[in-house]
Amino acid sequence: MENKIIDSEHYFKIVYCPEIKEYMLCVYVAWIAEYDRYYKIDEGDLSLYETNRSEFYAKYEKEINAKVTERMKGSAALRDYDPSYLPDEVLETLDGYPSFDGYVYKDGILYARVKIGDTFFSIPPIKGEKLC
């Protein structure tokens, strides 16, 4: 991540990710373990943040409050990923969270790459009707 702009009052950063060539809103989540959620921000939102913070805060209010929204691109915690995308035979034997092995970027989303046994799987973030 590059070009970090930190808003310590609202517990988020705006960062540029050169691997995917996009800016993202990284929101701090306090859970059992601390982690970040990554949200898509629109083109020009960096300028909006710099010129009109109150409008930026209103536009991204749910995301800043760490809500899972349709803008979520990914997360640094497997709890925000949807294990139902794993094959049934894997789900039946899964005990707890699998080993996290980075991300796979596809179609604008950061899929969690997990290793179960000797096999790697890509799991999308929670979306749609599963949003909390």
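**View 1. Two cysteines that stay apart.** A disulfide is a pair of cysteine sulfur atoms within 2.5 Å. Keep that cut-off in mind while looking at Cys-26, because its sulfur is 8.6 Å from the closest cysteine sulfur, the one in Cys-17, and that is too far for a bond. Turn the question around and start from Cys-17: its closest cysteine sulfur is in Cys-26, again 8.6 Å away and too far for a bond. Overall, this predicted model holds zero disulfides. Are these two cysteines buried or exposed? Cys-17 is buried, with a relative accessible area of 10%, and Cys-26 counts as buried too, at 3% relative accessibility.

**View 2. Trp-31 and its aromatic partner.** Here we zoom in on the loop between strand S3 (22-29) and strand S4 (35-40), where Trp-31 is found. The model has eleven aromatic pairs. One of them joins Trp-31 and Tyr-35 edge-to-face, with 6.3 Å from centre to centre and 85° between the planes. How accessible are the two partners? Trp-31 counts as partly exposed, at 37% relative accessibility, whereas Tyr-35 counts as buried, at 6%.

**View 3. A nonpolar patch on the surface.** Stay with Trp-31 for a moment, but look at the surface this time. Together with Ile-32 and Tyr-97, Trp-31 makes a nonpolar surface patch of about 400 Å². Trp-31 itself is partly exposed, with 37% relative accessibility.

**View 4. Rings in company.** Which residues make up one aromatic cluster? Look for Phe-12, Tyr-49, Phe-56, Tyr-57 and Tyr-60. Another ring worth finding is that of Phe-120, which has the charged end of Arg-113 sitting over it, 3.8 Å from the ring centre.

**View 5. A salt bridge between strands S2 and S4.** Seven salt bridges turn up in this structure. In one of them Lys-13 pairs with Asp-36, and their closest N and O atoms are 3.4 Å apart. Lys-13 lies in strand S2 (residues 12-17) and Asp-36 in strand S4, so the pair ties together parts that are 23 residues apart in sequence. The Lys-13 end is partly exposed, at 22% relative accessibility, while Asp-36 is buried, with a relative accessible area of 16%.

**View 6. A buried pair linking distant parts of the chain.** The side chains of Arg-37 and Asp-80 meet in a salt bridge, at 2.6 Å from N to O. Where do the partners come from? Arg-37 belongs to strand S4, and Asp-80 to the loop between strand S5 (72-75) and helix H4 (88-93), so to speak 43 residues apart. Arg-37 is buried, with a relative accessible area of 5%, and Asp-80 counts as buried as well, at 2% relative accessibility.

**View 7. One more pair and a network.** Arg-71 forms a salt bridge with Glu-63, and 3.3 Å separates the closest N and O atoms. Check the burial of each partner: Arg-71 is partly exposed, at 27% relative accessibility, but Glu-63 is buried, with a relative accessible area of 4%. Finally, have a look at Asp-42, Asp-45 and Lys-59, which are linked in a network of salt bridges.

Conventions:
Residues are numbered from 1 along each chain as its sequence is written. This is a predicted model: local features need pLDDT of at least 70, side-chain atom pairs count only at pLDDT 80 or more; totals for chains, interfaces and linings use all residues. Side-chain values use heavy atoms; hydrogens and water are left out. Rings of Phe, Tyr and Trp (its six-membered ring) pair if their centres lie within 6.5 Å; planes under 30 degrees apart count as stacked, over 60 as edge-to-face and the rest as tilted. Buried means under 20% relative accessible area, exposed over 50%, partly exposed in between (1.4 Å probe, protein chains only). A charge sits over a ring if NZ of Lys or CZ of Arg is within 6 Å of the ring centre and within 35 degrees of the ring normal. Patches are made of residues with over 30% relative accessible area and no salt bridge: like charges are joined within 9 Å, nonpolar side chains (Val, Leu, Ile, Met, Phe, Trp, Tyr) within 5 Å. Accessible areas come from the Shrake-Rupley method with a 1.4 Å probe; for residues, only the protein chains shown count as cover. A salt bridge is a side-chain nitrogen of Lys or Arg within 4 Å of a carboxyl oxygen of Asp or Glu. Helices (H or I, at least four residues) and strands (E, at least two) are DSSP runs, numbered from the N terminus.
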